[in-house]
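Take a look at the model below and turn it around a few times. Then use this short briefing as your guide.

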Amino acid sequence: MKDTKPFPVLKNDNLLRAARGEVVDRVPVWVMRQAGRYLPEFQELRKQHDFFTVCRTPELACEVTMQPLRRFDLDASIIFSDILVIPQALGLTVEMHAGVGPVLPQPINTPEDLKRLTPDGAVSRLTYVGDAITMMRHKLEGKVPLIGFTGAPWTLMGYMIEGGGSKTMSKSKAWLTDHPEDTRLFLNLLTDAIVDYLEMQVKAGAQMLQVFESSAEHLTKEQFLLWAVPYLRRIRDELVDRLTKKALPLVPMTLFAKGAGHSLKEQSELGYDVIALDWTVDPIEARATVGPNITLMGNLDPQDMYREADELRTLTTEMVHKFGKSRYIANLGHGITPQTPITSMEVLVEAVHKAL
Ligand code: 1CP
């Protein structure tokens, strides 16, 4: 039976206040992939359960989501799942291979293959994510806000064509020139599924949303503006429209377009509340580019987590000083990597909170 009790009152809302440009008690900090392989308790649980079983079983997804919060004084939680649950809901098989990452054994090779996708009712095959979100809101007891997320259209299209991660994305990039009309169809199909999916997450209790355009790094600026930006805009516009019409909470949204530091101005004009930066972007330049009315998130180099504690502390403090206390959420510039020492997370979180 569905839990319909009201959610516990939020005690630490610094993340949401930072996203809305309100005054914070302390700079909020969380870490992309904060639940994951660098945690021994995650490794332990993964020995017993397949990756997508964890995603599909709300009790397990909540347990993993909770793991980093037990160890570190973080200001946000992010529901445990993966961006590739949308391709699964669209009818593709996705397997998680140890040491390799996601593998899609029957990728989309030609425009003809798009007929294999099953967009009708796709969101109804993702209700397990909503169930995990609702359960997690109760288990959090209002400690910190819960973030929901999705992959963005270009990034998802890439995995679906390449059949997994790719260093060059050469097949998907070939579509942009060889099949521009089918590319538009594909990206629009994904955009529709994403809007449904995000609306469902808000209904389930997500208090903030993040859109991961992780494969933006493969596009030229011109391609990013043509093949990513219009769909990112549509996601934001249609979601706001739906949430407003249905009197659902207008939760803050973050856009993380990795490798698209060349287009921060354009990103800042899409309506997202927060723009996440990868580590190649200079905080001072980013602020000058986007102006004062948008929140920035980031952007420590994940490799800095392998430095000595003193060095990491200094780098983190310097970063927070550059961004400042208003309209800022501290994070890494991409996901935390599997060999990161646990102590580095402790140093990072403490240094952020003490910096200002
Ligand atoms: O075996 C394992 O346990 C696999 C490791 C793992 C984990 C812990 C994968 C495989 N996904 C995840 C969880 C995950 N994925 C989260 C959980 C919430 C959190 O704590 O942050 C999130 C937000 C994601 C999102 C995700 N998956 C992205 C976008 C963010 C990013 O890193 O750019 C991408 C690109 C993926 C695909 C994916 N899933 C897993 C891997 C190893 C990858 C990347 C593969 C590649 O292309 O190299």
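The notes below go through ring pairs, one helix and the ligand.

Keep in mind that this is a predicted model. Seven aromatic pairs turn up in it, and 23 residues surround its ligand.

**Aromatic pairs**

- Two numbers tell you what a ring pair looks like: the distance of the centres and the angle of the planes.
- Start with Phe-51 and Phe-80, which sit edge-to-face, with 5.5 Å centre to centre and 65° between the planes.
- Phe-51 belongs to helix H3 (residues 51-56), while Phe-80 is in the loop between strand E1 (77-78) and helix H5 (85-89), so this pair ties together parts that are 29 residues apart in sequence.
- Buried means under 20% relative accessible area, so Phe-51 counts as buried at 9%, and Phe-80 counts as buried at 8%.
- Next come Phe-149 and Phe-212: their ring centres are 5.6 Å apart and their planes are at 90°, so this pair is edge-to-face too.
- This second pair links distant parts of the chain, with Phe-149 in strand E4 (residues 146-151) and Phe-212 in strand E5 (residues 208-213), 63 residues apart.
- Phe-149 counts as buried at 8% relative accessibility, and Phe-212 counts as buried at 13%.
- You can also find a cluster: ring pairs link Phe-42, Phe-51, Phe-52 and Phe-80.

**Helix H8 and its two sides**

- Which residues of helix H8 (residues 170-178) are buried? They are Ser-172, Trp-175 and Leu-176.
- These three cover an arc of only 100° around the axis, so they end up on the same side of H8.
- Here's the handy background: an α-helix has 3.6 residues a turn, so residues three or four places apart point the same way.
- Flip to the face of H8 turned away from the buried side, and you'll meet the exposed residues Thr-177 and Asp-178.
- What do the buried residues of H8 pack against? Their partners are helix H7 (153-162), helix H9 (180-204) and helix H10 (221-227).

**Around the ligand**

- Of the 23 residues that surround the ligand, the closest are Arg-33, Arg-46, Tyr-159, Ser-214 and His-334.
- Tyr-159 puts a polar side-chain atom 2.4 Å from an oxygen atom of the ligand.
- His-334 also has a polar side-chain atom by a ligand oxygen atom, at 2.7 Å.
- With Gln-34 it's the backbone that counts: a polar backbone atom there is 3.2 Å from an oxygen atom of the ligand.
- Taken alone, the ligand exposes 890 Å², and the protein buries 87% of that.

Conventions: Residues numbered from 1 in each chain as written. Predicted model: local features only at pLDDT ≥ 70, side-chain atom pairs only at ≥ 80, totals over all residues. Heavy atoms only, no water. Phe/Tyr/Trp six-rings, centres within 6.5 Å; stacked < 30°, edge-to-face > 60°. Helix = DSSP H or I, 4+ residues; strand = E, 2+ residues; numbered from the N terminus. Buried < 20%, exposed > 50% of the residue type's maximum accessible area, 1.4 Å probe, protein only. Arc of directions from axis to C-beta. Contact = heavy atoms within 4.5 Å. Near = heavy atom within 4 Å. Polar contact = N/O pair within 3.5 Å; in protein donor to acceptor, adjacent residues only side chain to side chain. Areas by Shrake-Rupley, 256 points an atom, 1.4 Å probe, with all protein chains shown as cover.
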